[in-house]
Amino acid sequence: MITADARRADAPSFERWVAHFTDNRARHAAIEGRIDWDAGAEVSPAARAALIRSFQRFELGEGGDGAHLLRKARGCGEAQQHALRMLVGEEQAHSALFARGLSHLGAAPLPHHWSDGAFTLLRRSLGLRTELMLFLIAEAVAMPYFVVLARRGPDAVIRGIGTRIALDEEHHLAFQIDQLRGGLRSLPSWAKPLVVLPCWLVAVGATAVVVIDHGGALRACGMGAHAYAGAALRSFRRALTAALGGVGSSEPRDTVCAPTHPV
């Protein structure tokens with residue numbers, strides 16, 4: 001049985017997250033200021049084509065306005081709504097970074113893609129907590145992609161984009177865990193498998209989509225499909241375990257680009 005004191009201990013401090021997202025703006029400026037956006041792309045033709053395909057998909061996926069998510073959150077506290085608006089703003093900034101990456105590679109964004117439309121339609125049909133879980137799955141599965149882009153991208157501009165996004169996404173994962181942990185921890189033990197199994201099915205499906213749509217970009221960064229799939233599912237397992245109240249932290253960290261970060 002979860003006591004009232006335990007529920008209060010699980011309650012996230014959204015003021016802390018508002019402060020984090022506010023302070024994060026200075027780090028964004030510092031990282032982007034170190035990227036030589038005028039440098040030519042030092043990328044082979046095959047890697048260029050693969051990265052263009054991949055960046056076009058991510059540019060669309062990260063560029064939503066978050067209106068439906070924020071509308072669902074109207075019943076939440078003011079600080080949580082503010083933090084969610086700032087989260088959406090960071091995701092939109094990632095879309096802009098991918099667009100700059102496409103310009104660096106000599107390509108333009110796509111006007112639309114069926115996979116982005118399908119994902120958007122699915123999200124809009126869900127309640128707030130389920131949509132947050134879907135974001136958790138997507139971000140956990142994508143983390144190894146962003147980390148390998150930061151570490152092993154084929155040129156400095158690509159690595160800079162990867163670093164900028166990977167650091168944000170690690171914090172975004174922690175934020176989603178913070179939002180979900182209290183509600184999931186309070187579930188009775190018999191109900192948790194009913195949450196866990198569908199989440200694993202979605203995570204495996206999302207991993208397969210990344211392998212299919214972004215496998216060429218992963219190979220351009222020296223990561224094969226099997227290595228990525230293993231890293232993606234380990235990333236999801238850690239995030240889900242933390243959200244369910246097990247071992248894991250929802251503290252903002254800065255470890256994604258460190259050599260010890262699990263990929």
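Which helix does L97 lie in? Helix α5. I'll come back to that residue. One caution before I go on: this is a predicted model.

Overview first. The chain has ten helices and zero strands. Read from the N terminus, the order is α-α-α-α-α-α-α-α-α-α. There are 263 residues in the chain, and 46% of them count as buried. Now contacts. Take those with a sequence separation of 6 or more. Residues 24 or more positions apart account for 85% of them.

Next, the core. The largest nonpolar core holds 66 residues. Which of them touch the most other members? F55, M133, L136, Y145, F146 and F175. Several elements give two or more residues to this core: α2, α3, α5, α7, α8, α9 and α10. For orientation, α7 covers 128-152, α8 covers 156-185, and α10 covers 225-243. The top contributor is α7, with 15 residues.

Stay with F55 for a moment. Set aside residues up to four places away in sequence. F55 then touches F98, G101, L102 and L105. It also touches Y145, L149, I158 and I161. Y145 is another of the core residues with the most contacts to other members.

Now helix packing. I have three pairs.

Pair one is α2 with α5. Helix α2 spans residues 14-33, and helix α5 spans residues 78-104. Their axes come within 8 Å and cross at roughly 20 degrees. An angle under 35 degrees counts as roughly parallel, so α2 is roughly parallel to α5. The crossing of α2 and α5 is left-handed. Who makes the contact? On the α2 side: F14, E15, W17, V18, F21, T22, N24, R25, H28 and E32. On the α5 side: A79, Q80, H82, A83, M86, L87, E90, L97 and R100. By class, the α2 and α5 contact has nine nonpolar, five polar and five charged residues.

Look at the start of that helix. E78 is found in α5. Is E78 buried or exposed? Exposed, at 70% relative accessibility. E78 and F14 are 64 residues apart in sequence. In space, C-alpha to C-alpha, E78 and F14 are 8.9 Å apart.

Back to L97, as promised. L97 is buried, with a relative accessible area of 2%. The cut-off for buried is under 20%. What does L97 contact, leaving aside its neighbours within four places in sequence? E32, W37, I161, R164 and I165. E32 is one of the α2 residues in the contact I just listed. There is also a distance to I158 to note. L97 and I158 are 61 residues apart along the chain, and their C-alpha atoms are separated by 10.0 Å.

E32 comes up once more, this time with T163. The place of T163 is in helix α8. T163 counts as partly exposed, at 21% relative accessibility. T163 and E32 are 131 residues apart along the chain. Their C-alpha atoms are separated by 9.6 Å.

Pair two is α3 with α5. These axes are 9 Å apart, and the packing angle is about 155 degrees. Over 145 counts as roughly antiparallel, so α3 and α5 are roughly antiparallel to each other. This crossing of α3 and α5 is left-handed. From α3, the contact residues are R48, I52, F55, Q56, F58 and E59. From α5, they are S95, F98, A99, G101, L102 and H104. The α3 and α5 contact comprises six nonpolar, four polar and two charged residues. F55 is back on this list, and F98, G101 and L102 are among the residues F55 touches.

Pair three is α3 with α9. The axes come within 8 Å and cross at roughly 135 degrees. That makes α3 oblique to α9. The crossing of α3 and α9 is left-handed. α3 brings A47, A50, L51, R53, S54, R57 and F58. α9 brings I212, D213, H214, G216, A217 and A220. Class split for α3 with α9: seven nonpolar, three polar and three charged. Note F58 of α3: it is in the contact with α9, and in the contact with α5.

To wrap up, two things to look at on screen. Start with F55 and the residues it touches, F98 and Y145 among them. Then go to L97, buried in the model, and its contact with E32.

Conventions
Residues numbered from 1 in each chain as written. Predicted model: local features only at pLDDT ≥ 70, side-chain atom pairs only at ≥ 80, totals over all residues. Heavy atoms only, no water. Axes fitted to C-alpha atoms, helices over the stretch in contact; angles between N-to-C directions. Helix = DSSP H or I, 4+ residues; strand = E, 2+ residues; numbered from the N terminus. Parallel < 35°, antiparallel > 145°, perpendicular 65-115°, else oblique. Left-handed = near helix turned anticlockwise from the far one by under 90°. Contact = heavy atoms within 4.5 Å. Nonpolar A, V, L, I, M, F, W, Y, C, P; charged D, E, K, R; others polar. Core = buried A, V, L, I, M, F, W, Y, C linked by side-chain atoms within 4.5 Å. Buried < 20%, exposed > 50% of the residue type's maximum accessible area, 1.4 Å probe, protein only.
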